[in-house]
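Student: Could you take me through one part of this predicted model in detail, namely the nonpolar core and the helices that pack around it? I would also like to hear about a few loop residues that deserve a close look.

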Amino acid sequence: MHYPDFSVPEGGQVTQVAEGVLWLRMPLPFDLNHINLYLLEDRHGWWIVDCGLGTDTARAHWEAITASLNKPIVGVIVTHMHPDHIGLAGWLCDEHRVPLYMSQTEYFAARALLNGAAGASRWQDELHFVRAGMNEDECRSLMGSGKGFGHVVSPVPVSYRRLKEGQTLTINQQQWQVMIGRGHSPEHVCLYCQERHILIAGDHILPEISPNIGAYSTEPDAGSLADYLSTLTPFLHLPQQTLVLPAHNRPFTGLHQRVHALKDHHARHLADLLEACTSPKTLKECLPVMFSRTLNPHNLGFAVAECQSHLNYLVEEEKMTRIRSTQGPDRYKTVRREIADNQQDVPSDIVAD
């Protein structure tokens, strides 16, 4: 992998990474302290790709950037519904009176999350964390108030333009193809320009870190990891020299190496879990197998979801059984002892070729 020598943009400023393609950054109040956003120049205006959290700081940065542009904003594209990507989408659409472009599942998921539980009981959330082996305090912390999304996401427009797999957007007389990734979110949009060999990857393919691939309490048996691995493979058909514009860290080339590295990362986690669960273990007991660092309350929720998605994958592959308790935590046990360094025993769809 190679990182081109682009200057990292300061708040409220932009860096050109290709003709008519601008890179900007917004701050995040997390361990991962930034998000990369992009602007695409069209003949009569600029397209925004992802929006940052709905904070006063991000709004001020956008106001400075849009005031400096030589053309108006003509559209807002959101790769997926996570708050750091969709947070200011509604505000930007309203400010500039432009349409929102998203995939259907991501759009309606965002609308649902803004509405919260809407009076529904949350006993299923609690049951999910009890089954993971969490104690009462941990369950309470992991469930939270259910209102966090709306605090950092401006109201989502009541109308949108749907993006689908294989669809193309014509921007400045060039074609940007929609490629859908799944697993990190339900229907994540990536944009690839074949004429320019540029991929806007969002969170689907990141350098240096792996995107969170989780199964959450809303769909505890989700096959998120299988979805992610299957939708990574098509990116191996793009040219090796493709310039990848990710949502975090820095733009890079070396797409094939990164896809293989991400597959290997999950293969190692699966092999480690199979090795660890030769005697039955709860999900909570599996967390140190996957995460060597200390998990703070913010990271714990993501870690539980990530571990759940890997355990679900192994159960679905019939390499592990789930021993369900009527009241306490589930336990997971390896059906057949796997050897971590023997690729014959690692599921074929995650072995780097």
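Tutor: What follows goes from the core to its helix packing and then to three loop residues.

Since this is a predicted model, everything below describes computed geometry. The largest nonpolar core holds 43 residues, and those with the most contacts inside it are Leu199, Ile205, Phe235 and Leu287. Two or more residues each come from helix 6 (136–143), strand 10 (188–193), strand 11 (198–202), helix 8 (224–232), helix 9 (255–276), helix 10 (283–290) and helix 11 (297–316). Of these elements, helix 11 gives the most to the core, with 7 residues. Another core, of 36 residues, lies apart from this one, and among its members are Trp46, Cys51, Ile86 and Ala247.

Leu287 is a useful residue from which to look outward. If its neighbours within four places in sequence are left aside, Leu287 is in contact with Met134, Leu295, Leu300, Ala303, Val304 and Cys307. The packing of helix 10 against helix 11 takes up several of these names again. The axes of helix 10 and helix 11 come within 10 Å and cross at roughly 95 degrees, which makes helix 10 roughly perpendicular to helix 11. From helix 10 the contact draws on Leu283, Cys286, Leu287 and Met290, while helix 11 contributes Leu300, Ala303, Val304, Glu306, Cys307, Gln308, His310 and Leu311. Sorted by class, the residues of the contact between helix 10 and helix 11 comprise 9 nonpolar, 2 polar and 1 charged.

On the side of helix 9, the geometry can be described in the same terms. Helix 9 and helix 10 pack at an angle of about 130 degrees, and their axes are 10 Å apart; helix 9 is therefore oblique to helix 10. The crossing in which helix 9 passes helix 10 is right-handed. Here His269, Asp272, Leu273 and Ala276 of helix 9 meet Cys286, Val289 and Met290 of helix 10, and the contact divides into 5 nonpolar, 1 polar and 1 charged residues. Cys286 and Met290 thus appear in the contact with helix 9 as well as in the contact with helix 11.

The loops next to the strands of this core also repay attention, and two of their residues have backbone angles to note. His197 sits in the loop between strand 10 and strand 11, and its phi is near 55 degrees, a positive value in a residue other than glycine. With a relative accessible area of 27%, His197 is partly exposed. Glu208 belongs to the loop between strand 11 and helix 8; although Glu208 is not a glycine, it has a positive phi of about 70 degrees. At 52% relative accessibility, Glu208 counts as exposed.

Glu187, by contrast, counts as buried, at 8% relative accessibility. Its place is in the loop between strand 9 (174–181) and strand 10. Not counting residues up to four places away in sequence, Glu187 touches Thr79, Ser103, Gln104, Thr105, Glu106, Leu163, Ile180, Gly181 and Arg182. One of these partners, Ser103, is 84 residues from Glu187 along the chain, yet the C-alpha atoms of the two are separated by 6.4 Å.

Note on methods. Residues numbered from 1 in each chain as written. Predicted model: local features only at pLDDT ≥ 70, side-chain atom pairs only at ≥ 80, totals over all residues. Heavy atoms only, no water. Core = buried A, V, L, I, M, F, W, Y, C linked by side-chain atoms within 4.5 Å. Buried < 20%, exposed > 50% of the residue type's maximum accessible area, 1.4 Å probe, protein only. Helix = DSSP H or I, 4+ residues; strand = E, 2+ residues; numbered from the N terminus. Contact = heavy atoms within 4.5 Å. Axes fitted to C-alpha atoms, helices over the stretch in contact; angles between N-to-C directions. Parallel < 35°, antiparallel > 145°, perpendicular 65-115°, else oblique. Left-handed = near helix turned anticlockwise from the far one by under 90°. Nonpolar A, V, L, I, M, F, W, Y, C, P; charged D, E, K, R; others polar.
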